[in-house]
Amino acid sequence: MSLDPQVRNLLDAVEAMGFEALHTLSVEEARKRADAMVDPDTFPEYDGRIEGSSIPGPGGDLRIRVFTPKGDAPFPMIMFFHGGGFVLGGLDSHEPICRLLSQKSGAIVISVDYRLAPEHKFPAAVEDCLTATRWASENAASLNGDAARLAVSGDSAGGNLATVVAMRIRNEGGPALRGQLLIYPVADHYEPGTQSYRDNAEGYFLTRKGMQWFIDHYLPSSDDADHPHFSLLRGADLHDLPPACVITAEYDPLRDEGDLLAARLRDAGVETVHQPCEGMIHGFYTFVGMVDKSEEVVNDSCRWLKNVLNN
């Protein structure tokens, strides 16, 4: 399918702004640019309660943001790990997604401000997300949540972290998880890269060189490319993981590795829904209000979450 016309318009608008390519920027410059694109006035309406807090983390205080919907407690709970290539992003950049997930799924969403690379390289982000997930389970009652109905989720780098957390939890004795929502997840290294890394190397928002910039900042060395807690396609044991929903985008360098991850999960006996999205680019899940397909996919994924959390 050709690129969605609404996505094409967005790409044209971004190109007209004349932004420098991400891989040519310093980390500080890239973060400033990303932060400048966050506009709270455009956030979707949310009729629940939003509270910021911090919990003890492996590297000190770990900030979280808790989105509690209206309704009757206890609520199911969803951990959310934001994207940004392990280098960018935070609680503010992904608040719109968290509002939508909570509002549409009827669950508490806990967004985690994990430590970023290159200041904190792999596996610091993994340890923070794992710590936050265990904390949420242990403190579910004080959150008006139900520890027996807990899922992990994330977009891009956060999708990678969600599955890694699920593997760590499986290996280390809980807590039990009901599902994992993986939105165009990072699942492998850029070298040698899949066909979609070549087909979509540039021109579609996320580029091959951009992914190289992200991963080189995140991993301590190229030897870590094979670590099962980074590359989900290189020897990671995917058996006995909770049901998964994997969303991929046609014009995304990460498309093929997301497709392969969905297939590997199925081969490992994991109940898996794979939603390949034609005409879409990396990041499209955040385009609600601008791209019709985005809202459709968000609604589908929230129905999936409600199903795995409540049945």
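## Overall build

Helices and strands here are DSSP runs, numbered from the N terminus; a helix has at least four residues (H or I) and a strand at least two (E). By that count the protein has nine helices and eight strands. The model is predicted.

The protein has 311 residues, and buried residues make up 54% of them. Its C-alpha atoms fill a box of roughly 50 × 45 × 40 Å along the principal axes. The radius of gyration is 18 Å. A compact globule with 311 residues would have a value near 19 Å, so the two agree.

## Strand S4 and its partners

Strand S4 covers residues 108–112. Five of its five residues are buried, so the rest of the structure largely encloses S4. Buried means under 20% relative accessible area. In a regular strand the side chains alternate between the two faces of the sheet. Both faces of S4 are covered. Ile-108, Ile-110 and Val-112 are buried on one side. Val-109 and Ser-111 are buried on the other.

Strand S2 (residues 60–68) and S4 run antiparallel, joined by four bridges. In this pairing Ile-64 of S2 stands opposite Val-112 in S4. Strand S3 (residues 75–81) and S4 run parallel, with five bridges between them. Here Met-79 of S3 faces Ile-110 as its opposite residue in S4.

## The S1–S2 hairpin

S2 also pairs with strand S1 (residues 49–57). Nine bridges join these two strands, which run antiparallel. A hairpin takes S1 into S2 through two residues. Ile-55 of S1 stands opposite Leu-62 in S2.

## Helix H3 and the crossover

S3, helix H3 and S4 make a β-α-β unit, and the unit is right-handed. H3 spans residues 95–105. The helix is mostly covered, with eight of its eleven residues buried. Those buried are Glu-95, Ile-97, Cys-98, Arg-99, Leu-100, Leu-101, Ser-102 and Ser-105. An α-helix has 3.6 residues a turn, so residues three or four places apart point the same way. Among the buried residues of H3, Cys-98, Leu-101 and Ser-105 follow such a spacing.

Gly-106 comes just after H3, with a positive phi of about 70°. It sits in the loop between H3 and S4. At 29% relative accessibility, Gly-106 is partly exposed. Its C-alpha lies 7.5 Å from that of Lys-306, although Gly-106 and Lys-306 are 200 residues apart in sequence.

## A nonpolar surface patch

Val-14, Met-17, Phe-19 and Met-37 form a nonpolar patch on the surface. Together they have about 380 Å² of accessible area. One of the four, Met-17, is in the loop between helix H1 (5–16) and helix H2 (27–36). Its relative accessible area is 54%. The cut-off for exposed is over 50%, which means that Met-17 counts as exposed.

## Backbone exceptions

Most residues other than glycine have a negative phi, and most peptide bonds are trans. Several places in this model depart from that.

Two peptide bonds are cis. The bond from Ala-73 to Pro-74 has omega near 0° and is cis. Pro-74 belongs to the loop between S2 and S3. Glu-191 and Pro-192 are also joined by a cis bond, with omega about 5°. Pro-192 is located in the loop between strand S6 (179–183) and helix H6 (195–199).

Asn-144 is not a glycine, yet its phi is positive, about 65°. The loop between helix H4 (124–138) and strand S5 (145–155) holds this residue. Asn-144 is partly exposed, at 35% relative accessible area. Asp-240 likewise has a positive phi, near 60°, and is a residue other than glycine. Asp-240 falls in the loop between helix H7 (208–218) and strand S7 (244–251). Its relative accessibility is 68%, so Asp-240 counts as exposed.

How values were computed
Residues numbered from 1 in each chain as written. Predicted model: local features only at pLDDT ≥ 70, side-chain atom pairs only at ≥ 80, totals over all residues. Heavy atoms only, no water. Buried < 20%, exposed > 50% of the residue type's maximum accessible area, 1.4 Å probe, protein only. Pairing = 2+ DSSP bridges. Right-handed = clockwise from strand over helix to strand, strands pointing away. Patch = residues over 30% accessible without salt bridge, like charges linked within 9 Å, V, L, I, M, F, W, Y side chains within 5 Å. Areas by Shrake-Rupley, 256 points an atom, 1.4 Å probe, with all protein chains shown as cover. Salt bridge = Lys/Arg side-chain N within 4 Å of Asp/Glu carboxyl O. Rg over C-alpha atoms; globule rule 2.2 N^0.38 Å.
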